[in-house]
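Trainee: I would like to work through this model with you, one question at a time. Please explain the terms as they arise.

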Amino acid sequence: MIVHVNHLDKGLAGPAAEALGALLDLIEAGRVDPRLLPALRVHLDWIQYRANFREPVSVRRAVDARGEPLTLAEIAVDLRQAPPERVGEAFSRAFAALGPDAPPDDERFPLEPFRPVREGLIWQFNRLFWQRLDQWEAAAGRGFEQALPSGRSDANHPEAVADSVADFWTLLRDADKRGQLPADLFALEIGVGSGTRAALWLDRFKALDEERGTGYYPRLRFLLGDYAQPTLDRALAAVAAHREQVSVLAMDALNPFRTLSFLRYKVLFVHLTNVYDNLAHDELVRRDGRLYLVEARAHLRRDEAERIAQDAGLTVGGLERAVGLLLEVGPDALGDRARGTAFWRSVWAAVRLEERLVALDDLVDAPLPAGLDQSHLEDLLAEAPADVRFHLSRGAAESFVNTLPLLHPRGYLQVQDIFVTTMDEYRQGFRGPGKLDGSVVTWVNGALLRAVGARTGYDVHFAPFRYRPGSRTSILYTTQRD
Amino acid sequence: MRTPLLPTAVVGSYSIPSWLERVKNDYLLRRVSRRDLEEIHDMAVKAAIKDQEVAGVDIVSDGELRRDNMIDYFAERLPGVQIDHASKRFYYDFYDSVVRGRMPTGSLGLVEELRFLRRFTERRVKISVTGPHSLVKRIRNEHYGSEEAFALDIARVMNLELRELVKAGATDIQIDEPYYSGFPEDLPWGVAAVNALVEGVAAWVSLHVCYGNRYGKPAWEGSYRYLFPAILAARVQQLTLEFGRRGEDDVRLFQEFDPPFHLGLGVVDVKSHDVESPPVVAERIRTALAIVPAERLSVNPDCGCLHLPRDVAFAKLAAMVEGTRLVRRELGA
């Protein structure tokens with residue numbers, strides 16, 4: 001048995017010691033099948049997200065491509081959630097679930113079969129949230145930015161916006177001095193939120209341009225791209241004072257180039273805030289030199305399933321169909337909107353993920369997103385610790401790869417998000433997915449983006465978001481590879 | 001073989017397969033021996049020549065598959081240039097290279113490349129070299145008093161190599177100077193360096209100027225207008241330019257300045273994986289023919305194909321050849 005202590009911050013010692021003591025007590029008492037121990041990993045985590053999809057103690061079995069069990073098994077403990085006085089009991093149940101004679105699990109009500117994380121139900125919930133944002137916010141009684149853990153979005157920090165404008169203006173002035181300033185100055189914001197940041201940015205840019213008398217503002221073509229029309233409508237209203245400069249475009253954040261191919265090598269500045277952390281990902285695990293893909297299935301605990309069904313006037317057996325209808329059609333499909341939205345919010349609050357590890361025979365079996373090849377993964381694994389669980393940030397990488405061709409040779413991409421900047425950081429904690437009020441959040445594998453950038457002619461850098469103390473946001477920015 | 005009207009040519013490099021990329025990287029990491037790498041290069045070059053022939057290209061190259069990139073291949077061979085071999089991880093990155101004294105003369109090994117190429121094709125062949133201006137922009141200068149002086153000395157050393165190439169049978173030599181586009185203010189001395197480079201070189205010399213192709217993307221943007229009138233002083237026979245990606249507007253500069261050069265017309269975009277159709281290529285040629293007579297026009301990709309997948313590179317060359325044939329037929333050639 002190998003015990004992984006994946007977190008180093010304050011507050012760990014007590015709960016970790018309790019958990020470890022309970023575990024060793026069970027072994028000493030002979031209550032653990034000794035055949036399990038040689039290939040068992042126990043992970044003690046402190047989950048950063050207060051709301052997430054995990055049980056306090058969960059079990060992960062390894063299986064081969066046909067679903068047959070392999071010897072590797074893992075027990076993961078969320079020290080933040082697991083009550084110390086009950087952790088021993090939870091371990092007992094976990095060991096029982098791992099044994100060859102484990103009874104069928106009737107404590108969980110599955111909503112889907114095991115599938116790669118990227119294809120899971122939680123991402124359908126996420127999509128529904130952005131498509132029906134108004135309905136969710138009306139039911140929640142607050143805007144989605146107020147529901148963020150910090151109570152506001154780092155995107156709108158005035159000082160950060162002012163610095164961003166200053167950087168852009170400097171780029172324009174340098175190009176201008178060399179006689180290389182294009183006639184149209186294209187800037188692009190992908191994932192526009194409430195439009196507040198775009199409005200702040202445009203106000204500031206206009207003021208700076210007027211103050212310096214450079215005449216760039218009238219040449220600015222500011223594009224707002226988002227896949228949700230209600231969001232675009234809201235953003236357009238926010239930038240009403242700059243209508244001459246602004247265009248809105250319905251676009252898939254995964255492939256901005258598809259929408260904007262006519263702007264290849266023409267966009268001087270692309271900005272995204274908290275978009276990558278909301279795009280589907282996969283997770284890979286390397287144990288003893290072997291690579292595994294994490295598969296997950298969403299479920300409700302039996303008692304919660306019964307409560308939700310009762311509140312919605314359904315039978316438990318009808319829950320899966322009702323969730324399917326909700327995700328396909330929206331809350332209106334469940335009778336009336338208020339009832340449907342309440343059902344949606346209840347299911348979201350209760351949904352959890354069970355995981356298993358599916359062995360990959362070769363790197364070529366890893367589910368790489370479009371634009372990435374095996375060599376990117378090789379580069380990444382070469383710098384990774386031997387034992388590691390990490391994000392294959394598919395959506396982020398795909399978006400990144402499909403944004404770079406838009407950049408003017410002197411242009412740059414700036415992304416404010418939560419990044420894991422080196423593979424080593426994955427040893428120090430579970431990085432998601434976490435559960436926000438209605439949507440998914442997950443850390444983004446910045447090391448992957450760096451490896452991808454290196455092979456496409458861009459150096460990728462990360463700087464801490466210094467404008468709000470305690471912020472976990474970083475700023476990714478690209479420079480042309482010298 | 002007789003060269004037809006509107007000859008088709010490559011600009012130099014051919015697609016570098018991903019497996020060759022890996023081998024080159026493994027060589028840098030000391031996992032592959034020099035001897036094995038050279039043998040792999042020989043095999044890859046033969047395949048690249050064959051691909052160009054099958055695509056129907058009239059003037060072929062060795063695909064430049066032996067070259068890490070357009071700078072390092074020469075930086076490593078120029079006598080007196082010191083290389084920090086630990087300074088790059090990927091073969092397409094640039095070494096940290098420096099010159100700390102006057103460069104002695106010495107062979108760059110291009111004659112061997114030419115001989116190998118000619119052994120495996122009956123077609124007209126082209127050898128490309130990176131021009132002094134571009135090399136000066138990447139090799140750190142700790143000796144010469146100015147970039148111009150450094151460039152002229154590079155030209156002196158490389159001129160001997162070009163003369164040796166001609167003695168060995170080279171008929172077509174191309175000089176690559178993409179960095180002109182990033183530093184247009186250097187053009188007067190950049191052209192002087194090219195003239196020093198080709199002094200006494202009895203071959204068809206084309207000067208290739210593009211907007212960069214590192215990692216398959218442009219390094220600069222703008223108009224070729226910056227080339228004029230300074231470029232008119234270049235003692236070369238042909239200018240080989242990029243139009244496939246950028247459109248043919250700048251061909252008008254040939255009307256405005258009536259330069260004494262033939263035009264190598266870039267008709268396929270090497271920075272896009274979308275394959276042009278032969279009619280699109282033909283239309284681009286027709287547009288140029290409205291300004292430049294057919295006798296002074298040759299047809300080529302915008303730049304080297306090294307960043308394109310092999311199937312895309314081949315399809316683009318085949319489309320270029322077929323599009324050219326369409327126009328030849330219209331001209332009765």
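Trainee: What percentage of the 333 residues of chain B count as buried?

Mentor: This is a predicted model, in which local features need pLDDT of at least 70 and side-chain atom pairs count only at pLDDT 80 or more, while totals for chains, interfaces and linings use all residues. Side-chain values use heavy atoms, without hydrogens and water. Buried means under 20% relative accessible area, exposed over 50%, and partly exposed in between, with a 1.4 Å probe and protein chains only. Of the 333 residues of chain B, the buried share is 59%.

Trainee: What radius of gyration does chain B have, and what would a compact globule have?

Mentor: The radius is taken over C-alpha atoms, and the globule rule is 2.2 Å times the number of residues to the power 0.38. The C-alpha trace of chain B spans about 55 × 40 × 35 Å along its principal axes. Because a compact globule with 333 residues would come near 20 Å, the value for chain B agrees, at 19 Å.

Trainee: Which helix of chain B gives the most to the largest nonpolar core?

Mentor: A nonpolar core is a set of buried Ala, Val, Leu, Ile, Met, Phe, Trp, Tyr and Cys residues joined through side-chain atoms within 4.5 Å. Of the 108 residues in the largest one, Leu78(B), Tyr180(B), Tyr224(B) and Leu227(B) touch the most other members. Helices (H or I, at least four residues) and strands (E, at least two) are DSSP runs, numbered from the N terminus. With eight residues, the element that gives the most to this core is helix 6 (residues 147-167) of chain B.

Trainee: Which strands of the open sheet in chain A stand at the edges?

Mentor: Two strands pair if DSSP finds at least two bridges between them. Seven strands of chain A form this open sheet with mixed pairing, in the order 9-8-7-10-15-21-20. One side of each edge strand is left without a neighbour in the sheet because each has a single partner strand; these are strand 9 (246-250) and strand 20 (458-464) of chain A.

Trainee: What angle does the direction of helix 7 of chain A make with that of strand 9 of chain A?

Mentor: Axes are lines fitted to C-alpha atoms, for helices over the stretch in contact (heavy atoms within 4.5 Å). Angles run from 0 to 180 degrees between N-to-C directions. Helix 7 (residues 229-238) of chain A packs on the sheet, touching strand 8 and strand 9 of chain A, and its direction makes with that of strand 9 an angle of about 170°.

Terms used:
Residues are numbered from 1 along each chain as its sequence is written. Chains are lettered from A and ligands numbered from 1 in the order in which they are written.
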